[in-house]
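Reader: Could you take me on a close look at one part of this model, and show me how its surroundings fit around it? I'd be glad of a connected account that I can follow with the structure open.

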Amino acid sequence: MVLTTFLTSEPSIPAVAGPADPEPASIVVLSVPDRAALERLVASGTDLTARVRPQADGSIQVDAVVTPSELAGLRSLGATLAPGTPPPAKRAPQTSAAPDQIVIERAVWYKSGGRHFLSVEASSSGGAAASLSVAWKGKKGTSGEAPLVGFENFGVYLGHEVVSPVLAEQEPLWVTVTSASGGKAQAKVTRWPGGERPDRHGRGYEKDFISQYMPPAQLNERIKALHRRYPKLTDIIALPNLTNGYRRHAQAQLGTPPNALTLTSHAYGSEGGNDLSAEIVTPGTPDRALAVQMNGKQLTVSLATDASGAPASTVAQVVAAINATKGTRIQASPYRTDPGAGILAPVPLTQLTDSLKAPADVSRDPARVLALRIGVHRDGSRTGVLAYSQEHAREWVTPLVTIEAAERLLRNYDNDRATRRLLRETEVFIVPTVNPDGANYSFYDYNFQRKNMTNHCPAQQSDPAQRDTWGVDINRNYAAGSLHDGYFGASSNCQSGTFAGPAEHSEPESRNVIWLAQTFRNIKFALNVHSYGGYFMWPPGSYKQEGRVTLPRPTAEQEAYFLRSARTIEEAIAAERGTVTWPQKTGPVTDVLYSAAGNSADELWYDYGIFGWDFEVGNDIYNPETGRWEGVGFQPAFEEAHAEAMEFASGLISLVGVAADYRER
Ligand SMILES: [Zn+2]
């Protein structure tokens, strides 16, 4: 209840910046000239969101979380801040002797917010350079035109599509795609799930159980309360791997960089590290030797002096002297990569601190991750659905999706026949927060935290000003198609937003997810809930850069099943408030987003045969005043978060329905 006040409007947590404090980060819209430049951004380990938006001029805009100095560094990769308005839509016409072959892959329309939108994907034998446009004819004699943009990636042509769904006056009926080289194709426009369908549930169906953003402790309380209330329909499963905990070693940076050193306590801050302090003094008399003393919890370094009485100890000498002194319970290191040849100046008594800002009642202990198992028959005899959220800490909306779905399934068991059937025919495993340590850090310390809190960086990347960059990207830490297997879209840099970790499954958070798949072999469906961008995706989720070789594609039959199910699920999402997951954001991850080496859905699919889906909740919202689609962000004002939770909880329940209908073939 405490949280409602500080989370309703401005999500960023203001911090007083000191010399050892991190640079502030923000979400920016970057523009890169082409797909290859986007791949370079992915390769650089830049902290990209899932909101990737191709533009009419062939450039691509992508939302990213960056600090000012990171942004400056990205210019060399061809990324600039996107202009406030999209660039004009014009491509140079292509001329060539023979007409090209055009294939229309998808032409769909849908209704959203009372408006009609058209989306078209096509390909040309002329490849990405072909200049295509679409003309449509709709009901009541309406018509219109729009350019199609070609996409290429590592030299592989991916097809053409409209930049974003195009506003159409009436329902579009037919499209004609033409090419500047003379190619032409026509297709009927089919209906994509829109937001105009009535709620299929009977009257009295209860929903809307979410009233605020919730940190991990509250999420766990929530599922425990559900278990107490519905003991016959639920179990609480304590996942076997404890996280490292919302805790850090206590640190202090003494001196002025680069003539500075970092002190790090052996103990976590909460376990005594925060009680330690240190000072660097000068005796003021000539020709004294360097001396280090630990008095109780206070470290005193007395600097050597020269013949004039001036300090004469280098940073490296002080570091070596501290580390050679027994019983300090402190490790010293020079500033970053500086060799420490500079002379250190005196520093007044300084407290070491873990810098963690959560109130004391937020546990600093290793955390137990919980799952709620829902179903009438919780014996493995029914098709299992695993829904897990908040692998990425800052995606605060995602646990609201799984909690809302759990509540709906349980509270409607008595009064809704369809729900009763779902609970009889399936078992649903809900993990509201996979990454509770990172989530706490996101709530209380640094709202853009994506990864967990475990720092694998060496000393030169571990001074306190870098603390917002540590941790492992849980959704790059899995074993299928991983960085360690040579796949693309994860980083070996411990400070990168997509750091894969030192090894596959190095992190307890990812091991917990896989443990569920290994332990409950009836799980046939999994939904990995992320935000934001409005996607619904499935494997393959990664490829090798060389030749863009993806993990094996599902068979045509499986792919058709993925797509068919996706449309059912997206229809349920759209029914809530008419926001529509774009057709071009529905498909295999590698086709519609970017390569994500070592993600969980891939491991579940390739190693466990589980249909592994990903939601990127938070569809763009169409702004009729500007005619533009707008992104929603990681921590929108609660009103928007609530709406997203309602939508995607409906989508999740629809997936449970798909599972209830599933028969092993
Ligand atoms: Zn995510």
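Author: Happy to; what follows is a walk through the eight-stranded sheet, the helices and aromatic rings around it, and then a few other places for context. Please keep in mind that this is a predicted model.

Let's begin with the sheet itself. Eight strands make up an open sheet with mixed pairing, and their order is S14-S22-S24-S23-S25-S30-S26-S29. At the edges stand S14 (234-238) and S29 (586-588); each has a single partner strand, so one side of each has no neighbour in the sheet. From one strand to the next, the twist averages 20°.

Within this sheet, have a look at S23 (residues 383-389) and S25 (residues 523-531). These two run parallel and are joined by six bridges. If you want a place to put your cursor, Ala387 has Leu527 in S25 as its bridge partner.

Now add the helices. H6 (residues 397-411) lies across S14, S22 (370-374), S23, S24 (426-431), S25 and S30 (611-617), and runs at about 135° to S25. H7 (residues 417-425) also packs on the sheet, where it touches S22, S23 and S24, and its direction makes about 90° with that of S24.

The aromatic residues come next. Over the whole structure, a search finds 29 aromatic pairs. One of them is Trp396 with Phe443: the ring centres are 4.2 Å apart and the planes are at 5°, so this pair counts as stacked. Because Trp396 lies in the loop between S23 and H6, while Phe443 belongs to helix H8 (residues 436-444), the pair ties together parts that are 47 residues apart in sequence. Trp396 has 1% relative accessibility and therefore counts as buried. Phe443 is buried too, with a relative accessible area of 1%.

Phe525 and Tyr662 make another pair worth a visit. Their ring centres are 5.1 Å apart and their planes stand at 90°, so the pair is edge-to-face. Phe525 lies in S25 and Tyr662 in the segment after helix H13 (638-661), so parts 137 residues apart in sequence are tied together here. Both Phe525 and Tyr662 are buried. They also belong to one aromatic cluster, whose other members are Phe536, Trp538, Tyr561, Phe562, Trp605, Phe611, Trp613, Phe615 and Phe648.

That cluster leads us to the nonpolar core. In soluble globular proteins, nonpolar side chains tend to be buried together. The largest nonpolar core here has 72 residues, and Phe525, Trp613 and Phe615 touch the most other members. H13 gives the most to this core, with 13 residues. Apart from it lies another core of 25 residues, including Leu41, Ala50, Val52 and Tyr594.

Leu41 takes us on to helix H2 (residues 35-43), where Arg35, Ala37, Leu38, Glu39, Leu41 and Val42 are buried. The buried residues of H2 pack against S1 (26-32), S2 (48-54), S3 (60-66), helix H3 (68-74), S8 (143-153) and S27 (543-544). Just after H2 comes Gly45, with a positive phi of about 80°.

Two charged side chains over rings are also worth finding. Arg53 lies over the face of Trp582, at 5.0 Å from the ring centre. Over the ring of Tyr268 you will find the charged end of Arg247, 4.0 Å from its centre.

To set the main sheet in context, there is also an open sheet of four strands, in the order S18-S19-S17-S21 and with mixed pairing. Its edges are S18 (291-295) and S21 (347-351), each with a single partner strand, so one side of each is left without a neighbour in the sheet. Here the twist averages 10° from one strand to the next. S18 pairs with S19 (residues 298-302) in the antiparallel sense over five bridges, and Gln293 stands opposite Thr300 in S19.

Our last stop is S11 (residues 172-179), which pairs with S7 (residues 132-138) in the antiparallel sense over seven bridges. Gly138 stands opposite Pro172 in S11. S11 also pairs with S12 (residues 184-188), again in the antiparallel sense, over five bridges. Thr178 stands opposite Lys184 in S12. S11 and S12 form a hairpin with four residues between them, and Gly182 in the turn has a positive phi of about 105°.

Technical notes: Residues numbered from 1 in each chain as written. Predicted model: local features only at pLDDT ≥ 70, side-chain atom pairs only at ≥ 80, totals over all residues. Heavy atoms only, no water. Pairing = 2+ DSSP bridges. Axes fitted to C-alpha atoms, helices over the stretch in contact; angles between N-to-C directions. Contact = heavy atoms within 4.5 Å. Phe/Tyr/Trp six-rings, centres within 6.5 Å; stacked < 30°, edge-to-face > 60°. Buried < 20%, exposed > 50% of the residue type's maximum accessible area, 1.4 Å probe, protein only. Lys NZ or Arg CZ within 6 Å of the ring centre and 35° of its normal. Core = buried A, V, L, I, M, F, W, Y, C linked by side-chain atoms within 4.5 Å.
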